[in-house]
Amino acid sequence: MISLLQIAPTLAEYFNIMLASPARPVEAILRFARHSNPAIVTLLVLDSLDFRFYSDFAAELRTIHELVEQEGLLFECETVSSHTTPAIGSILTGLEPEAHGIFTDNDVGKSEIKSILEILEDTGKKTAMVIETKGVKPLVGRITYVCGVDDREDIIRYDELIKTHTIAVLNKKDIKMVFAHIRAIDRFAHRGKDLSVAAKLTDGNIREIANTVRERNGLLLICGDHETHLKAVKRTRTVPLIVCCP
Ligand SMILES: [Zn+2]
């Protein structure tokens, strides 16, 4: 089984940039990326999408399953943390949370470790991040397009704004990599709300983003960050990673 730590080293190898990580690139993804030769790479993290959720809500997550069925790749990945911020830190750096030191919102931007987006920027490649406003400030000036969305109780509206910004940056000229973080599944799980509704909404947002990725001749990676936070249900600590050219 591969791990979430391998995403950043794989993309670094694909872009031919230096990223210090003990994790190894995933050869199958590299072959897929090189074969498809995308104009742009998009990485979407779906908060709380674990492997079991991906299977249990296959009907609601139709678009994502179809992306796999249409010559995409699917991996089951080991997670590195049960919390969002350290997990995303690991996805973007290829390092364990103890090594990158980003555990809370307050740590974002204080770490000496650069994310794959910042390393790409250092080599003159434009990137974009579409995330919650709280995490945006330290990235301004380090990443070409930093789009913040304010946290709010209406998580449906929140994800809609993330989707809109993601589509907008995908249409920017010369952009090489886009990262975005979608949150409805996690919020619905924490609030004890109907998860099939969250899955359907998420799938709809993915469909629109995937359509834009297709128009841009892009590569799309979709993964979860940690197990779904559900009381009373023991979850395995694995998440799906989907790699496709929509
Ligand atoms: Zn999370």
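**Helix contacts and the central sheet**

Arg62, Thr63, Ile64 and Leu67 of helix 4 meet Asp203, Ile206, Arg207 and Ala210 of helix 10, a contact being a pair of residues whose C-beta atoms, placed from the backbone, lie within 7 Å. Helices (H or I, at least four residues) and strands (E, at least two) are DSSP runs, numbered from the N terminus. By class, the residues of this contact of helix 4 with helix 10 divide into 4 nonpolar, 1 polar and 3 charged; Ala, Val, Leu, Ile, Met, Phe, Trp, Tyr, Cys and Pro count as nonpolar, Asp, Glu, Lys and Arg as charged, and the others, Gly among them, as polar. The model described here is predicted, and its local features need pLDDT of at least 70, side-chain atom pairs count only at pLDDT 80 or more, and totals for chains, interfaces and linings use all residues. Residues are numbered from 1 along each chain as its sequence is written.

The axes of helix 4 and helix 10 come within 7 Å and cross at roughly 45°, where axes are lines fitted to C-alpha atoms, for helices over the stretch in contact, and angles run from 0 to 180 degrees between N-to-C directions. The two helices, 4 and 10, are therefore oblique to each other; angles under 35 degrees count as roughly parallel, over 145 as roughly antiparallel, 65 to 115 as roughly perpendicular and the rest as oblique. Helix 4 (residues 62–69) also lies across strand 3, strand 7 and strand 8, running at about 60° to strand 8. Helix 2 (residues 27–36) lies across strand 3 (73–78), strand 7 and strand 8 (238–244) as well, and runs at about 145° to strand 3.

What, then, is the fold as a whole? The protein has 10 helices and 8 strands. Its radius of gyration is 16 Å, close to the 18 Å that the globule rule gives for 246 residues, so the protein is as compact as a globular protein of that length; this radius is taken over C-alpha atoms, and the rule is 2.2 Å times the number of residues to the power 0.38. Along the principal axes, the C-alpha trace spans about 45 × 40 × 35 Å. Of the 246 residues, 49% count as buried, a residue being buried if 20 or more other C-beta atoms lie within 10 Å of its own, exposed if 12 or fewer, and partly exposed in between, with C-beta atoms placed from the backbone. Among contacts between residues at least 6 apart in sequence, 65% join residues at least 24 apart.

The sheet comes next. It is an open sheet of 8 strands in the order 1-3-8-7-2-6-4-5, with mixed pairing, and two strands pair if DSSP finds at least two bridges between them. Strand 1 (2–3) and strand 5 are the edge strands, each pairing on one side only. Within this sheet, strand 2 (residues 40–46) is mostly covered, with 7 of its 7 residues buried. In a regular strand the side chains alternate between the two faces of the sheet. Ile40, Thr42, Leu44 and Leu46 point one way from strand 2, Val41, Leu43 and Val45 point the other way, and all are buried.

Strand 2 pairs with strand 7 (residues 218–224) in the parallel sense over 7 bridges, and Leu46 stands opposite Gly224 there. Strand 2 is also joined by 6 bridges to strand 6 (residues 175–182), again running parallel. In strand 6, Val178 is the bridge partner of Thr42, Ala180 that of Leu44 and His181 that of Val45. Strand 6 is itself mostly covered, 7 of its 8 residues being buried. Strand 4 (residues 126–132) runs parallel to strand 6 and is joined to it by 5 bridges, with Lys126 opposite Ile175.

Helix 9 (residues 184–191) has as its buried residues Ala184, Ile185, Asp186, Phe188 and Ala189. These pack against strand 2, helix 3 (51–56), helix 8 (155–170), strand 6 and helix 10 (195–215). Just after helix 9, Gly192 takes a positive phi of about 70°.

Helix 8 and helix 10 have axes that come within 9 Å and cross at roughly 5°, which makes helix 8 roughly parallel to helix 10. Their contact is made by Ile156, Asp159, Lys163, Thr166, Ile167 and Leu170 of helix 8 and by Leu201, Asn205, Glu208, Ile209, Thr212 and Val213 of helix 10. This contact has 6 nonpolar, 3 polar and 3 charged residues.

Glu153 sits in the loop between strand 5 (145–149) and helix 8. Glu153 is exposed, with 8 other C-beta atoms within 10 Å. The C-alpha atoms of Glu153 and Arg187, 34 residues apart along the chain, are separated by 9.0 Å.

Definitions and conventions: Contact = placed C-beta atoms within 7 Å.
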